[in-house]
Amino acid sequence: MITLHIGMDDTDSPRAGCTTYVASLLVERLHALGVSFIDYPNLVRLNPNVPWKTRGNGALCLRIRCSETQVEEIRDIAVETVESNSDLSHAGTEPGLVLLPGREIPIELTTFAKKAIQGVVKMKEAMGLITRYKADAVTFKTGRGVIGALAAIGETLTKDHTFELIAYRIPANYGSKRLVDVDSVFEMNENTKPLTFNNIDPERRRILISPHGPDPILYGVRGKTATIVKQGHQMIRCLEPIERWTVFRTNQGTDAHLGQVASIKDIRAYHPVIVKGVVSKPPRIIPRRHIVFTLKDATGQIDCAAYEPTGELRKKASELIVGDIIEASGGVRPALPTRPMTVNLEKFKLTDLQRRFAFQNPLCPSCGKRMKSMGTEKGFRCGGCGFRSREVKKHMIEIKRGVEPGLYITAPRSQRHLAKPLSRYGMENGRKHGRMVSDWFWVMNDPKVTPSQGSARF
Ligand SMILES: [Zn+2]
């Protein structure tokens with residue numbers, strides 16, 4: 001028996017498909033061959049800030065045990081599955097498939113994966129590693145997807161990770177409104193939080209588990225363990241059939257994309273960053289109600305932007321003043337003629353709050369009313385009793401800040417797949433994840449789906 005890692009990426013397009021679905025189909029076909037799975041299918045989200053990303057920028061890896069004589073057949077099945085389920089006629093869809101035998105993942109592949117999650121990697125690097133480690137790469141069109149496919153193999157999710165159960169629609173329903181009972185999702189959220197996350201948008205009373213596009217996903221339940229996402233799934237009512245569901249182990253919700261830099265001069269475009277600095281220019285509103293402020297340290301300065309859809313984050317960013325010390329996290333957009341390089345804030349930690357003061361006119365010593373200034377150096381006059389004085393002075397008062405030290409994160413509705421939500425802090429998964437051997441991580445034609453009783457809300 002040998003271990004085989006099968007990575008794949010870039011099969012979808014904005015108009016059709018989803019690489020998680022291709023992986024789910026492949027799980028079914030490999031299962032029929034009698035292979036065993038040594039891990040849940042891995043869903044590895046790559047750097048969301050590279051300009052040429054796929055929609056969710058998620059790459060997949062299946063890790064199996066099989067006999068050496070099966071490898072040829074497994075390869076054929078994988079190629080056929082990717083080929084017939086990719087949106088190949090779409091210009092930007094460049095699928096890649098990589099098969100790597102061997103129990104241990106070479107450290108160089110792990111490093112490559114980290115680079116693909118936090119930075120930018122090139123096709124040449126991927127092809128070099130494929131040659132060195134005698135991996136089998138299958139490319140479709142330019143095959144740029146081999147980058148993600150190889151990265152998915154290299155990222156073995158030994159640190160913090162989460163699970164997602166994705167339920168898929170039957171093809172006849174693609175493109176139509178998803179019939180998921182909204183109330184059942186709110187109930188599921190109440191019953192499973194904080195072990196599940198980002199199920200709902202509490203501010204707008206909407207569900208976040210379903211996408212809106214023409215892709216095959218009905219919904220996805222994200223959470224800390226495989227068991228809880230399955231339980232969450234069982235609590236959801238829907239009025240349309242589920243073709244299949246699959247549980248993925250993933251780096252979603254872990255901030256895996258953020259790389260800490262030592263100083264502002266080390267920030268590079270397209271490399272999502274965590275950087276510490278002091279607010280050097282106050283927040284200003286730019287068109288479409290976005291907020292921009294400037295952060296500096298001894299090595300330089302950088303603009304940080306909080307966009308309107310980030311909700312509370314934008315509101316708190318607008319309360320920052322010069323002198324506040326924060327740790328800012330987010331993607332980095334390159335400089336344009338119209339603006340400098342900018343960190344798109346996903347979260348910030350306010351560590352040192354600058355005190356804010358203002359001068360106030362004195363109170364009338366005679367009647368206690370607030371006095372009015374009669375002009376520079378001319379003293380004050382009381383509007384109540386007419387008392388005048390050059391002796392009384394303005395005094396300094398401290399103004400209460402509209403923000404406290406703490407962590408501020410984008411609203412769940414605008415969180416990226418990789419962003420770690422507030423509810424996950426302190427809930428991280430460690431190294432051990434319990435090797436998966438049972439077969440219950442995927443199901444076809446889920447019999448649990450029954451029409452909602454009474455008044456369903458969609
Ligand atoms: Zn007075």
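Which backbone oxygen does the side chain of Ser210 reach? Keep that question in mind while you look over the whole molecule, which is a predicted model.

**The whole protein**

Begin by showing the protein as a cartoon, where you can look for eight helices and 25 strands. If you then switch to the C-alpha trace and turn it along its principal axes, the span is about 100 × 60 × 40 Å. Of the 458 residues, 51% count as buried, and the surface that the protein exposes comes to about 20900 Å², with carbon and sulfur atoms supplying 54% of it. Among contacts between residues at least 6 apart in sequence, 73% join residues at least 24 apart.

**Ser210**

Now select Ser210, which you will find in the loop between β10 (206-207) and β11 (217-223). With a relative accessible area of 11%, Ser210 is below the 20% limit and therefore counts as buried. Here the opening question can be answered, for the side chain of Ser210 reaches the backbone oxygen of Leu218 at 2.8 Å. Display the surroundings as sticks as well, and you will see that, leaving aside residues up to four places away in sequence, Ser210 touches Arg178, Val180, Leu218 and Tyr219.

**The zinc ion**

Next, select the zinc ion and show the side chains of Cys364, Cys367, Cys382 and Cys385, whose SG atoms coordinate the zinc ion at 2.3 Å. The angles among the four donor atoms run from 98 to 120 degrees, and the site is tetrahedral. Along the sequence, these donor residues follow the spacing C-x2-C-x14-C-x2-C. Cys364 lies in the loop between β19 (356-360) and β20 (372-373), while Cys385 lies in the loop between β21 (380-381) and β22 (388-389), so this pair ties together parts that are 21 residues apart in sequence.

Is Cys364 buried or exposed? Its relative accessibility is 4%, and Cys364 therefore counts as buried, whereas Cys385, at 41%, counts as partly exposed.

**The sheet of β20, β21 and β22**

Finally, select β20, β21 and β22, three strands that form an open sheet in the order β20-β21-β22, with antiparallel pairing. Because β20 and β22 stand at the edges and have a single partner strand each, one side of each is left without a neighbour in the sheet. Zoom in on β21 and β22, which run antiparallel and are joined by two bridges. To end the tour, label Phe380 and look across to β22, where Ser389 stands opposite Phe380.

Notes:
Residues numbered from 1 in each chain as written. Predicted model: local features only at pLDDT ≥ 70, side-chain atom pairs only at ≥ 80, totals over all residues. Heavy atoms only, no water. Donors = N, O, S within 2.8 Å, 3.2 Å for Na, K, Ca; no water. Tetrahedral: all angles 85-135°; square planar, octahedral: opposite > 155°, others 65-115°. Helix = DSSP H or I, 4+ residues; strand = E, 2+ residues; numbered from the N terminus. Buried < 20%, exposed > 50% of the residue type's maximum accessible area, 1.4 Å probe, protein only. Pairing = 2+ DSSP bridges. Polar contact = N/O pair within 3.5 Å; in protein donor to acceptor, adjacent residues only side chain to side chain. Contact = heavy atoms within 4.5 Å. Areas by Shrake-Rupley, 256 points an atom, 1.4 Å probe, with all protein chains shown as cover.
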